[in-house]
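Here is a short tour of a model for you to follow on screen. Please have your viewer ready.

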Amino acid sequence: MSAESDPAQRVAIGISFGNSYSSIAYTSGEGKAEVIANEDGDRQIPSILSYVEGEELHGSQAKTQLVRNAKNTVTTFRDFLGQDFKSIDPTPCHQSAHPVPSESTVAFKVRDTEAEEESTVTVSEITTRHLKRLRQSASDYLGKDVNAAVITVPTNFSDAQKDALNKAAKEAGIEVLQFISEPVAAVLAYDARPGAQLADKIIVVADLGGTRSDIAVVASRGGIYSVLATIHDYEVSGIQLDQALMDHFAKEFLKKNKSAGDPRENDRSLAKLKLESEAVKKALSIGTTANFSVESLADGVDFTASINRTRYDLLASKHIAAFVRLVTHAVEKAQLDPLDITEIIVAGGNSHTPKVASAVANAFPETTTVLAPSTSPTAINPSELSVRGAAIQASLIQEFDLEDIEQSSHPMVTVTPHLSHAVGVLCISGEESSGIFHTIVDAETPLPVRRTAIISTPREGGDVLIKLVEGLRHIKVTKPEPKPKKEKSEDDDEDDSDEDESEEEEELREKTWKIGNVLSEAAVKGVKKGGKVEVQINITADLNVNAIFREVGGKGGVRGLLSGPKVTQNGSA
Amino acid sequence: MATVTIALPLPVLPEGWAGEKDFKSIGQLSAATDRNIEPVGPHFLAHARRKRHKRTFSEDER
Ligand SMILES: Nc1ncnc2c1ncn2[C@@H]1O[C@H](COP(=O)(O)OP(=O)(O)OP(=O)(O)O)[C@@H](O)[C@H]1O
Ligand SMILES: [Mg+2]
């Protein structure tokens, strides 16, 4: 066994590797995840490499090379890993080194040595170089040689892509302990915060990144996560938001400089316009106005302009609306209702934009908590969610043998039956028509599960009925009473359509329960005045229910056993 | 996982209710849906440990 795979010798970090930015983090002895700044002081390190006279520049330093040295600057390459040239979309690389086919993979032609001729560098090799730099930054910071990592990837990263990334990491001296998915890493980042309470929730992670949008609906049950639905979109992205600003400033520039050329039609001008537009976008996340300022934007003409946030929100509104539609589609795809969503984690760099968070919040009821810097003072930096989750996972598994980690991630362990409906008790009345259902175990809880409930009893105590039933979530829609039409002049009627929506009476939507299968009845007798009843339910993977009903503090108790539906075994002949 | 607290009172046992040892089994759960759980986080690790060693919750706590 090599030293690298000896768990005792591991120094493991979390890495988030995006098409636009990457981050590195480690978990301190006290279990707190810390994001590491590289030597440029960046925690969001551009996933960019640039070559100048044989010297390799990385991160922000490489990014500035997009103006003068675009041909030898490699950007936006993560998604190309493990793919053949025919299946990639090279559009995001139009203003930097162009991807070219190379055997079965993708490569870039760059002058990465002092020699005149270009070399063909595969995307795997570029990734290795990028990861080496990240590893070096983390090692310098920690004063220890980092040799292992948990790396986050999108939920639709294929096995071929993971294989390619695994190999590229190995070449960079990094043993990949595990790939975990970006949205789940974000959920873990929140759950691992000191003082976080474990609760059953349905969480949407809505990630508006640089080149793509990724939405995931995640059921969190007792700290175990199941992805219910995902949506990926490559049209709605930070690039679109930058483009909206680029068009705006280009037009302003042309208005003021009638004789100058369009900065979008010259490579170097375009690169300057793009970098400054992104900077303006970021500035508008904190300030309500920002300045755009570029020396010699086009034809030697300097340009400065200012923009306020309202203006930007307007320019971006089409793209933000498209992002919100993706979020609501994902909820539909999971066959859920907005009322089912406990929490939305707005992730990805563009979630710093207040309008992104508020537009998402507006599409959901008030009962849904939106976690973003502008909506929640305790929100985690959306650019750091993935890497924090990865660092926490790294600290959890770094002492395990790789084989152990692999076995635990195997479908034998991860494919699990989930409850299709909630299981709970009827309160107030035992009649299905009038009793009020209260959940003990939620739908989508993976099995086996054990849960305990403490339930109140009638004021005088006495003999009580505990009726275990399935609860089917139902959305009750109450239409508003049709209002008597007011007499209005025709002009007034036209105005009506622009009226504030809140003025109109909206239909009322509520989450209610319908009773599904009745499972059992139990009696707990002679409960004392003010006493409470404890119900403990165990549900096995084959849907057997084992329950204990007893008065809290009382002796004995009633036991009940229910066997699950008989399953026909396959291939038992 | 924290205990569920239910403030609404349980119904009074109907007159004449009878069950063997105070329990009456009536129906069964609807079929479950197979899904992948994410191999991430401390609670998953506990789940994996139980599953791989074929242990129940209470055996796991011992
Ligand atoms: N403070 C900020 N305000 C607004 N936008 C920001 C801010 N910081 C970063 N961004 C934008 O977020 C995007 C990068 O997001 P993120 O780091 O999540 O992307 P990524 O995961 O590397 O890219 P991808 O998801 O395409 O692989 C860029 O469009 C960037 O301009
Ligand atoms: Mg991303």
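What follows covers a small sheet, the cysteines and the ligand surroundings.

This is a predicted model, so to speak of local features a pLDDT of at least 70 is needed, side-chain atom pairs count only at pLDDT 80 or more, and totals for chains, interfaces and linings use all residues. Residues are numbered from 1 along each chain as written, chains are lettered from A and ligands numbered from 1 in the order written, and side-chain values use heavy atoms, without hydrogens and water.

Let's start with the open, antiparallel sheet of chain A, whose three strands run in the order β8-β9-β10. Strands are DSSP runs of E with at least two residues, helices runs of H or I with at least four, and two strands pair if DSSP finds at least two bridges. β8 (99-102) and β10 (119-122) of chain A each have a single partner strand, so one side of each lacks a neighbour in the sheet. From one strand to the next, the twist averages 45 degrees. Four antiparallel bridges join β9 (residues 105-110) of chain A to β10(A), and A:F108 sits opposite A:V121 in β10(A).

Over all chains there are zero disulfides (cysteine sulfur pairs within 2.5 Å). A:C93 is buried (under 20% relative accessible area, 1.4 Å probe, protein chains only), at 1%, and A:C427 is buried at 0%.

Around ligand 1 there are 19 residues with a heavy atom within 4 Å, and A:T211 and A:E278 are among the closest. Backbone polar contacts (N or O atoms within 3.5 Å) to its oxygen atoms include these:

| Residue | Distance to a ligand 1 oxygen |
|---|---|
| A:Y21 | 2.7 Å |
| A:G349 | 3.0 Å |
| A:G210 | 3.3 Å |

Key
Axes are lines fitted to C-alpha atoms, for helices over the stretch in contact, and angles run from 0 to 180 degrees between N-to-C directions. Buried means under 20% relative accessible area, exposed over 50%, partly exposed in between (1.4 Å probe, protein chains only). A polar contact is a pair of N or O atoms within 3.5 Å; within protein, one must be able to donate a hydrogen and the other to accept it, and residues adjacent in sequence count only if both atoms are side-chain atoms.
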